[in-house]
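User: I would like to learn how to read a few features of a structure, taking one residue, one chain, some strands and an enclosed space in turn. Could you take me through them?

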Amino acid sequence: MSASAVFVLDLKGKVLICRNYKGDVDMSEIDHFFNLLMQQEEEGLVCPVMSHGNVHFLWIKHSNLYLVATTNKNSNASLVYAFLYKLVEVFTEYFKELEEESIQDNFVVVYELLDELMDFGFPQTTDSKILQEYITQQGNKLEVSKTKVPTTVTNAVSWRSEGLKYKKNEVFIDVIESINVLVNANGSVMSSDIVGSIKLKTMLSGMPELRLGLNDRVLFAITGRDKGKTVTMEDVKFHQCVRLSRFEGDRTISFIPPDGESELMSYRINTHVKPLIWIESVIEKFSHSRVEIMVKAKGQFKKQSVANNVEIRVPVPSDADSPKFKTSTGHAKYVPEKNWVVWSIKSFPGGKEFLMRAHFGLPSVEKDEKEGKPPITVKFEIPYFTVSGIQVRYMKIIEKSGYQALPWVRYITQSGDYQLRTNN
Amino acid sequence: MPYFGSEETVKELKRALANPHVQADRLRYKNYITKVIRYMTQGLDVSALFMDMVKASATVDIVQKKLVYLYMCTYASDKPDLALLAINTLRKDCADPNPMVRGLALRNMCNFRMPGMPEYIEQPIVAGLRDKASYVRRVAVLGCAKLHSLQPNTDIDGSIVNELYALLRDPDPVVVVNCLRALEEILKDEGGVVINKPIAHHLLNRMKDLDSWAQSEVLTFLLRYRPRSDDELFDILSLLDAFLQSAHAHVSVATLRLFLNLAAAHPAVQADALLHTSAPLLATCGSASRELRFAGLCHVQQVMRSQPGLFGTHYKRFFCGYSEPSYIKFRKMEILVELVNDENVALVLEELRSYCTDVSPELAQAAIAAIGRIARTYSEKCLDILTGLLALKQDHITSAVIQTFRDLVWFCPQSTAAVCQTVEACVDNPQDSEGKQALLWLLGEHGEQISSAPYVMEGYIDGLKTELSSAVKMELLSTSVKMFLCRPAETQDMLGRLLHYCIEEESDMCVRDRALLYYRLLQRGVEETRKAVTGPKSDPSMSVLTGRQEEPISLWASTFNTLGPLSGRDLCLQTDIISASEQPSSSAEEELLPGSKDVTLSSPNDTEEEISLSLGPPLSHETFEKMWLDLEILHRQTLGFPRPKTAADTLQAALQLVKIQTLAFTPGDTVPWKAYLYTRGTGTLILAELLQEDPDEPGSEGSLVVSVKQQPGNQHTIRGFVAILKSVLQTLHFDRL
């Protein structure tokens, strides 16, 4: 892996904070980074790897920051990106928002974290839960040498500390499925898939052993059971706490959970899903005078279910003005800085159909710049429902002390990358 | 960046830090230290405070300690003498009862990059290696590597190396991986850390305890290990099997790399591993992070070099999202071009068509180039789309389409007529120099098929004074000379004007020399010029047909999952346009050289027998069968090599290129293998059979035998036909070797 140094830059290319881990790349090399980036942007050929001489810059952008790693080796690029994203994740957990201001306000903690996350160019302790045990934002308060190495740093179970205690032992299980859909302008579904994840909020004492049962088709096939609906998951990924060997063997998901919130597993289902909210749109543009938009939305899911907080974003030309709306339900709002109309519907029952009409004026003097054709995007959330039909059949919790613990399960289906291309 | 008043600030801070009242109030003292670090972060030179900061390191507050250490590390190389003063404090901290403090002090002491350090840090490092807290051991192990990098030219300390090897058995997983990392650095000159059988097996068993970073790196280290036997190899692979599906993309890709390298001798295992990882790879291509998505796409591209079919059914995953950055879109388009097949071609083209009108001209041009690549196989559909794009009358689109046409004609001569027709009908000429060059090249090569060619060219010659690009001028010269050769009456006058201008008035020496060259050439006579100037009108290597061959995995397995594939050939489609635009003009250079003719399709000894074949009206199976039975074999020849192992449709396409139609052939690898062909030439119909007997059978050498029948008979045509057929089959055969 070996990153020589890590830099955090602002949007103008000024170094906000940096850490030289290896000392084998001159720290002033970073001055070339921004020039290269500008040059590439001008040519329209931005690339996440840039090279100057034998120094390579691997960079990502997060809000108004660039995070850059430099290396002079042919190192493993995806590992470096993964590390930079890990930095973002850790910083975000510390400061809520990772942006220029939070870096400047918390530079002491940032330095401390950079020091622990990596040493000599190699990732060390990167789990933010563990880091939070010995690097705190309250560090500015004077504490007399109370800091001890937390047990987790040296523990056999690196993701959980020993000796946790809760009055009430509970686990909350969230099954969340996001639907990605791409529909082309003729209304045919180009691609669709479901990305699911099972999230845990664990509030359990001690070192509990958990076992999760799902209606997984492969498991049912092994055990010879064949009742009810089953689901074939592809591309299943687990948190490091899950014993992979057991899953490979008998499809049991058994683990010692991390404390607090964590993502236990994720999966992908690559079936053809019917778009849950179907949009038909007619966008008519009359040059120099007006744009007329008609959008019809239809809930293509069970009548008993309700989609909440539905937001349908319809693109409009950037020079449009004087909006007028008419909706059969919900309300529409023009967001000029994003060049779209948001039609929000608080609750959208299955099987229903709604209509929105919008009218915009266009200036008589057209602007020269050509505009792209952004798609219509839809956001929604359907509780108590999973598209794939996945279900948690049981969650067993076993701890030495033998306490009773309660598992709570919640299902949510939401929109992921949900795009419908427009003809305009 | 020192700014105005910085000296004042430093002085003020110095005063404050030295103030006993401030020192007494811990909180105020610490606030001042924080201030110093803030200024340091902002780029102010606060190195003058070194002494005061060293004093501040004697504290029980661990955050303050960290800040002071950070300060010292930053300025140690500027103030080596003062830094030495701090060493005592640091060494004392290395013996602190709190392991956090010990680790911290040791790590920072090792980070002082200045001469003279080794003698002070060696002892604490060795002590740290045996510390009971793993936190300190982790730091100490990497400290060994830092120690070595401080004195790179000294001998390697054998005892430290041994100790590090022993620590590979440490219970703490991070210590284990740090040991590998440190040994790798220390033993760099000797080829890095040695992975022998016990170490390899130990690491394999520890894999599941490691965090994802460590897993990735250990997998990379394991690349160095060669299992003794196949049994051991398969044991290792089955231990690692689960990691192919790891939650972390970088781990699964690293595992794949190890699989590919270890199982180099077992193609079936490699193929299986690739199949297993195709799902995680595809998932990375849809990852939330653009950079990881990009890396995933690069990996997919590498895999496709050997297994083009692996992602065939998932082509929709490579459709571009609206908000994706262009570097991802470029890669996706490259992949889509490779994934095209009979079933998905319509959808893929429709998708690419929608990218052609993208706001970004680079993207639009790349999409057009991608359609051009597909056109080499599915000419008709693509030509329709490209022609449709011309109607949009957008400069950058027109230019890209014309460039694509030029490449298409070069690679697929059968599309020439259609292209010429379109170019003829196209009223807007490209405005940028690449587009102009492409148009001129087309006019020059196929001027006889474009009736308006001289008028278009005249426009360029008249506008010569305002033309800035010398490349366009050079192309114009070549075009005018070529055109003069085929349509002298219309072009003689303008060629004269052009040569006169270029020789007398042009300031660019290259253009002038080129004009002089053509001038002298023309003085030698028209026939001489024709010989020198005209060359093959299409790609003689038939790279279209053989270009898509599967490469052995070993070609790319060694660079898999490194930085190389991401930065090596950035934005391939883009460079494709550029390199392709150089291609024909560089071949124009070659054309001037005598002897370059041997590369043409008909090999040199057949030149006088060169005949032109044509397909004519199609022949039905029944007619062929009847004629084959009626006619007698006029010629039989053993070709001297076995049948090319290409796919049947490649063979068919290759023969079609030289106007030989394949009527029927035995599928797959069945023996004896037969194929029936027909063509027309010099007014005769030629029927032929290719036959390959079982190579194991006595009497046959596993070589192809061609039998030819003809109506009416003409030995000259048969010889020409056999020569062409032979050269095509030979090309395919040797390309597969």
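User: Where in chain B is Leu392(B) placed?

Analyst: In this predicted model, Leu392(B) sits in the loop of chain B between α21 (379-390) and α22 (395-411).

User: Is Leu392(B) buried, partly exposed or exposed, and with which residues is it in contact beyond its neighbours within four places in sequence?

Analyst: A residue counts as buried under 20% relative accessible area and as exposed over 50%; because Leu392(B) has a relative accessibility of 35%, it counts as partly exposed. Once the neighbours within four places in sequence are left aside, Leu392(B) is in contact with Thr357(B) and Ile397(B). As for separation along the chain and in space, Tyr120(B) is 272 residues from Leu392(B) in sequence, and the C-alpha atoms of the two are 74 Å apart.

User: How should I read chain B as a whole, starting with how many helices and strands it has?

Analyst: Chain B has 36 helices and 6 strands, and 56% of its 737 residues count as buried. Of the contacts in chain B between residues at least 6 apart in sequence, 68% link residues at least 24 apart. The chain exposes about 31600 Å², of which 53% is supplied by carbon and sulfur atoms.

User: Turning to chain A, which way do strands β8 and β9 run relative to each other, parallel or antiparallel?

Analyst: As a general idea, side chains in a regular strand alternate between the two faces of the sheet. Here, strand β8 (residues 170-183) of chain A runs antiparallel to strand β9 (residues 189-203) of chain A, the two being joined by 14 bridges, and Asp174(A) has Lys199(A) in β9(A) as its bridge partner. The hairpin of β8(A) and β9(A) has 5 residues between the strands, and in it Gly187(A) takes a positive phi near 90 degrees. β9(A) also pairs with strand β13 (residues 260-269) of chain A, in the antiparallel sense and over 9 bridges, with Leu200(A) opposite Ser262(A) in β13(A).

User: What lines the second largest cavity?

Analyst: Rolling a probe the size of a water molecule over the atoms shows where empty space is left. The structure holds 8 cavities of 30 Å³ or more, and the second largest contains about 80 Å³ of space. Its lining includes Arg19(A), Tyr111(A), Glu112(A), Lys66(B) and Asn108(B). At least two lining residues each come from α4 (107-117) of chain A and α5 (62-75) of chain B, and the residues of the lining divide into 5 nonpolar, 1 polar and 4 charged.

Conventions:
Residues numbered from 1 in each chain as written. Chains lettered and ligands numbered in written order. Predicted model: local features only at pLDDT ≥ 70, side-chain atom pairs only at ≥ 80, totals over all residues. Heavy atoms only, no water. 1 Å grid on protein atoms, 1.4 Å probe; cavity = no way out; pocket = protein on both sides within 12 Å on 5 of 7 lines; lining within 4 Å. Points joined across faces, edges and corners; volume = space filled by probe spheres on them. Helix = DSSP H or I, 4+ residues; strand = E, 2+ residues; numbered from the N terminus. Nonpolar A, V, L, I, M, F, W, Y, C, P; charged D, E, K, R; others polar. Pairing = 2+ DSSP bridges. Buried < 20%, exposed > 50% of the residue type's maximum accessible area, 1.4 Å probe, protein only. Contact = heavy atoms within 4.5 Å. Areas by Shrake-Rupley, 256 points an atom, 1.4 Å probe, with all protein chains shown as cover.
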